[in-house]
Amino acid sequence: MEIHVRELSAKGIRTTFKSSLNTDWLKQVRKDVLNASPMEVNMTAWGEDGVAHVEGELAIDVELSCSRCLEPTKEHVVLPFHERFKLEAEVDGSEPEDTIPVEEDKLELEPMLEEMLMLELPFVPLCSEDCKGLCHTCGSNLNEQSCGCSNERIDPRLAALKDLFKDSKE
């Protein structure tokens, strides 16, 4: 999926893109991604005042591993976007701050869309806000059952003192 910045900005034509992009790369980049649907992209590109505009939204269904209990959790991500591009040779400083200067006329949009998706996915996915996670001792899922393990945490630097007091009581 590519646009020609010079052509769009000079002619002012409006082009619509609708595409379904492969997301196999997502499992390789994020180890917590269990499954992902194709990324559906619906966008329009046009030129105005020497600037190429790309506006639309991407949508994807992703199954992630909960960061606390490791159970699968589903996310539906819909991300609207609006980007502005101008050839670097034509940048004169009067453009809005969010205009992206590009070196070449031909601009590949897939890397930009992939980066936006990566930034939108939750960094720490949770199956629910009150997820209890896994027991640190036995590994049981605490959302499903209480394991009965002692949850007393002792600073390892002070563990020897605990044993010292145990001997004096006997």
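Is leucine 34 buried, partly exposed or exposed, and what is its relative accessibility? At 39% relative accessibility, leucine 34 counts as partly exposed, where buried denotes under 20% relative accessible area, exposed over 50%, and partly exposed the range in between (1.4 Å probe, protein chains only). The structure is a predicted model, in which local features require pLDDT of at least 70 and side-chain atom pairs count only at pLDDT 80 or more, while totals for chains, interfaces and linings use all residues. Residues are numbered from 1 along each chain as its sequence is written, and side-chain values use heavy atoms, with hydrogens and water left out.

Leucine 34 lies in strand β3; helices (H or I, at least four residues) and strands (E, at least two) are DSSP runs numbered from the N terminus. With neighbours within four places in sequence set aside, leucine 34 is in contact with Lys27, Glu63, Leu64, Ser65 and Pro72, contact being defined as heavy atoms within 4.5 Å. A separation of 10 Å is found between the C-alpha atoms of leucine 34 and cysteine 66, which are 32 residues apart along the chain.

Strand β3 (residues 33-36) pairs with β5 in the antiparallel sense over 3 bridges; two strands are taken to pair if DSSP finds at least two bridges between them. Within this pairing, valine 33 has leucine 64 of β5 as its bridge partner. Strand β5 (51-65) is also joined to β4 in the antiparallel sense, over 9 bridges, and here threonine 44 is partnered by glutamate 55 of β5. The hairpin of β4 and β5 has 2 residues between the strands, and aspartate 49 in this hairpin takes a positive phi near 55 degrees. Of the 15 residues of β5, 11 are buried, so the strand is largely enclosed by the rest of the structure.

Strands β5 and β6 run antiparallel and are joined by 14 bridges. Glycine 56 has phenylalanine 81 of β6 as its bridge partner, and alanine 52 is partnered by phenylalanine 85 of β6. These two strands form a hairpin with 6 residues between them. Leucine 70, found in the loop between β5 and β6, has a positive phi of about 70 degrees although it is not a glycine. Most residues other than glycine have a negative phi. Leucine 70 counts as exposed, at 53% relative accessibility. Strand β6 is further joined to β7 (residues 99-102) by 4 bridges, the two strands running parallel. In this pairing, phenylalanine 85 stands opposite isoleucine 100 in β7.

Helix α3 (110-120) has Met112, Leu113, Met116 and Leu117 among its residues, and these four are buried. Seen down the axis of α3, the buried residues fall within an arc of 135 degrees, so they line one face of the helix; the arc is that of the directions from the helix axis to the C-beta atoms. An α-helix has 3.6 residues a turn, so residues three or four places apart point the same way. The buried residues of α3 pack against β2 (14-21), α2 (24-29), β4 (39-48), β5 (51-65) and β6 (72-87). On the face turned away from the buried side, α3 carries the exposed residues Glu115 and Leu119.

A search of the whole structure finds 1 salt bridge, defined as a side-chain nitrogen of Lys or Arg within 4 Å of a carboxyl oxygen of Asp or Glu. Aspartate 32 forms a salt bridge with arginine 30, and the closest N and O atoms are 2.8 Å apart. Aspartate 32 is buried, with a relative accessible area of 17%, and arginine 30 is buried, with a relative accessible area of 12%.

At the surface, Ile154, Leu158, Leu161 and Leu164 make a nonpolar patch of about 340 Å². Patches consist of residues with over 30% relative accessible area and no salt bridge, like charges being joined within 9 Å and nonpolar side chains (Val, Leu, Ile, Met, Phe, Trp, Tyr) within 5 Å; accessible areas come from the Shrake-Rupley method with a 1.4 Å probe, and for residues only the protein chains shown count as cover. Isoleucine 154 is found in the loop between α3 and α4 (159-169), and at 35% relative accessibility this residue counts as partly exposed.
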